[in-house]
Amino acid sequence: MKIAVHAVGRMKAGPDKELADRYLDRFAKSGPAIGLEFTGVVETPESRAQTVAERKREEAEKLRAQLASGAALILLDERGKNISSEDFAGRIGTLRDSGQRNLVVAIGGPDGHDAELRENAALVLSFGALTWPHQLVRIMLAEQLYRVATILSGHPYHRS
């Protein structure tokens with residue numbers, strides 16, 4: 001299954017980007033052995049529309065344009081489910097094992113995701129009740145994707 005990350009906003013060069021890239025590189029190297037192919041990060045600029053609703057709608061349109069036909073969608077959203085790493089790995093493994101060919105994991109803009117996207121997502125995921133800067137969310141997602149690969153492969157990186 002091909003997995004891409006879609007992020008609203010850009011990550012500037014520096015230690016945050018280096019750390020996210022390090023985990024994404026680990027994921028890219030460990031995923032193929034278990035049927036997970038990392039295809040990269042697609043960054044789209046934040047919408048400059050006047051209202052929150054318009055910004056969410058414009059950003060959702062850009063995300064939809066990135067979705068391959070039939071791709072599953074996981075959204076990172078503060079209203080999402082707070083699940084364990086094992087559960088996250090299990091859900092991705094289930095998508096892979098059910099024949100899902102493409103998965104996009106999306107980090108929204110400062111205003112969040114469009115309600116229609118949330119309704120149609122395979123999973124709406126939260127990294128807890130706290131609000132996180134987008135740079136840290138990207139790092140945490142990158143690490144969790146690498147952790148998913150280690151859990152699904154039985155590697156000892158994840159100790160539960």
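The radius of gyration used here is taken over C-alpha atoms, and the rule for a globule is 2.2 Å times the number of residues to the power 0.38. With 160 residues, a compact globule would come out near 15 Å, and the protein chain has 15 Å, which agrees.

Before going on, a word about what you're looking at. This is a predicted model, where local features need pLDDT of at least 70 and side-chain atom pairs count only at pLDDT 80 or more, while totals for chains, interfaces and linings use all residues. Residues are numbered from 1 along each chain as its sequence is written, and side-chain values use heavy atoms, with hydrogens and water left out.

## The whole chain

Let's start with the overall picture. Along the principal axes, the C-alpha atoms of the protein chain fill a box of roughly 50 × 35 × 25 Å. The chain has 5 helices and 5 strands; these are DSSP runs numbered from the N terminus, with helices (H or I) of at least four residues and strands (E) of at least two. Read from the N terminus, the order is β-α-β-α-β-α-β-α-β-α.

How much of the chain is buried? Buried residues make up 46% of the 160 residues. Here, buried means under 20% relative accessible area, exposed means over 50%, and partly exposed is in between (1.4 Å probe, protein chains only). The accessible surface of the protein chain comes to about 8600 Å², and 48% of that belongs to carbon and sulfur atoms. Those areas come from the Shrake-Rupley method with a 1.4 Å probe, and for residues only the protein chains shown count as cover.

Contacts (heavy atoms within 4.5 Å) tell you about the fold too. Of the contacts in the protein chain with a separation of 6 or more, 83% are between residues 24 or more positions apart. For a case of distant residues meeting, take valine 52 in helix 2 (residues 52–66). The C-alpha atoms of valine 52 and aspartate 111 are separated by 6.5 Å, although the two are 59 residues apart along the chain. Valine 52 is partly exposed, at a relative accessible area of 38%.

## Charged pairs

Side chains of opposite charge can pair when their charged atoms come close. A salt bridge is counted when a side-chain nitrogen of Lys or Arg is within 4 Å of a carboxyl oxygen of Asp or Glu. The whole structure has 11 salt bridges, including these:

| Pair | N to O distance | Relative accessible area |
|---|---|---|
| Arginine 138 and glutamate 43 | 2.9 Å | 10% and 32% |
| Aspartate 77 and arginine 118 | 3.9 Å | 5% and 22% |
| Aspartate 87 and arginine 91 | 3.3 Å | 29% and 29% |

Where do the partners sit? In the salt bridge between arginine 138 and glutamate 43, arginine 138 lies in helix 5 and glutamate 43 in strand 2 (residues 37–44), so the pair ties together parts that are 95 residues apart in sequence. Aspartate 77 and arginine 118 also meet in a salt bridge; this pair links strand 3 (residues 72–81) with helix 4 (residues 115–120), 41 residues apart. Aspartate 87 and arginine 91 both lie in helix 3 (residues 85–97), 4 residues apart, or about one turn of the helix. Salt bridges that share partners also join Arg64, Asp114 and Glu116 into one network.

## Helix 5 and the loop before it

Now for serine 126, which is found in the loop between strand 5 (123–125) and helix 5. Is serine 126 buried or exposed? At 5% relative accessibility, it counts as buried. A polar atom of its side chain lies 2.8 Å from the backbone oxygen of glycine 128. Leaving aside neighbours within four places in sequence, serine 126 is in contact with Asp77, Glu78, Gly80, Lys81 and Asn82. Asp77 is the residue that forms a salt bridge with arginine 118.

Helix 5 covers residues 134–153 and holds leucine 136, which is partly exposed at 36%. Leu130, Trp132 and Leu136 form a nonpolar patch on the surface, with about 280 Å² of accessible area together. Patches are made of residues with over 30% relative accessible area and no salt bridge, with like charges joined within 9 Å and nonpolar side chains (Val, Leu, Ile, Met, Phe, Trp, Tyr) within 5 Å.

Glutamate 143 is in helix 5 as well, and it is buried, with a relative accessible area of 11%. Not counting residues up to four places away in sequence, glutamate 143 touches Tyr23 and Tyr157.

Technical notes: A polar contact is a pair of N or O atoms within 3.5 Å; within protein, one must be able to donate a hydrogen and the other to accept it, and residues adjacent in sequence count only if both atoms are side-chain atoms.
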